[in-house]
Amino acid sequence: MIKPDGVKRKLIGEIISRFEKRGFNIVAMKMVHIDRTTAERLYEEHKGKSFFEELINYITSGPVVCMIVEGEEAVTVVRKMIGNTDPKEAPPGTIRGDYALTKAENVIHASDSEEKAKREMSIFFVENEIVAIM
Ligand code: CMP
């Protein structure tokens, strides 16, 4: 998911291009303005943490681009491509390492396990919005 700062900074094309060039297929995509209920569901695991309110306010502050990236070891490779949650720890060449400086506004979110990927896909997409590429 390209977060509100990534959309505002016109990084959508750049980010999609990186995934495509790496060889992944984009099998679903949409731009949405997440409502508070959906945001709280998406980030349920962070409820109670000090940054939760800030995170919910930020993720609902503008449109995001949600996509399903399909391919070999997609969860692991995409996480490597986006870099550490704290962009200051993300090496150059990663998306956060190239385009972000703070944990709060770190341009992009990606699922950190297959189980989470399934859960997050079901929050944003219904089955007939996911295409089969080949
Ligand atoms: P994301 O991959 O979307 O998953 C949870 C998000 O919480 C994370 O990226 C960060 O943007 C945000 N986050 C994590 N830790 C902090 C923090 N200490 N302060 C603010 N935001 C944080």
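UniProt positions are given in the numbering used here, and its annotations may be inferred rather than shown by experiment. With that in mind, the record for this protein, an unreviewed UniProt entry, places the feature "domain: Nucleoside diphosphate kinase-like" at residues 1–132. The model discussed here is predicted, and the values that follow are computed from it. Within residues 1–132, helix accounts for 42% of the span and strand for 11%, while the C-alpha atoms at the two ends of this span lie 20 Å apart.

Turning to the elements themselves, the protein chain contains seven helices and two strands, and, when followed from the N terminus on, these elements come in the order α-α-β-α-α-β-α-α-α.

The overall dimensions can be considered next. The C-alpha trace of the protein chain spans about 45 × 35 × 25 Å along its principal axes. A compact globule of 134 residues would have a radius of gyration near 14 Å, and because the protein chain has 14 Å, its value agrees with that expectation. Of the 134 residues in the protein chain, 21% are buried. Among the contacts that join residues at least 6 apart in sequence, 63% are between residues at least 24 apart.

Two residues in loops deserve a separate look for their backbone angles. Lys10, which sits in the loop between α1 (4–8) and α2 (12–22), has a phi near 60°, a positive value in a residue other than glycine. Lys10 counts as exposed because it has 8 C-beta neighbours inside 10 Å, where the cut-off for an exposed residue is 12 or fewer. Further along the chain, Glu73 lies in the loop between β2 (64–70) and α5 (74–82), and Glu73 has a positive phi of about 50° although it is not a glycine. With 9 C-beta neighbours inside 10 Å, Glu73 therefore counts as exposed.

The surroundings of the ligand complete the tour. The residues around the ligand are His46, Phe51, Glu54, Leu55, Thr85, Lys103, Ala104, Asn106 and His109. Sorted by class, this shell consists of three nonpolar, four polar and two charged residues. In this classification Phe, Leu and Ala count as nonpolar, and Glu and Lys count as charged, so a reader can match the classes to Phe51, Leu55 and Ala104 on the one hand and to Glu54 and Lys103 on the other. The polar part of the shell is then made up of His46, Thr85, Asn106 and His109.

Notes. Residues are numbered from 1 along each chain as its sequence is written. This is a predicted model: local features need pLDDT of at least 70, side-chain atom pairs count only at pLDDT 80 or more; totals for chains, interfaces and linings use all residues. A residue is near a molecule or strand if its C-beta atom, placed from the backbone, lies within 6 Å of it. Helices (H or I, at least four residues) and strands (E, at least two) are DSSP runs, numbered from the N terminus. The radius of gyration is taken over C-alpha atoms; the globule rule is 2.2 Å times the number of residues to the power 0.38. A residue is buried if 20 or more other C-beta atoms lie within 10 Å of its own, exposed if 12 or fewer, and partly exposed in between; C-beta atoms are placed from the backbone. Two residues are in contact if their C-beta atoms, placed from the backbone, lie within 7 Å.
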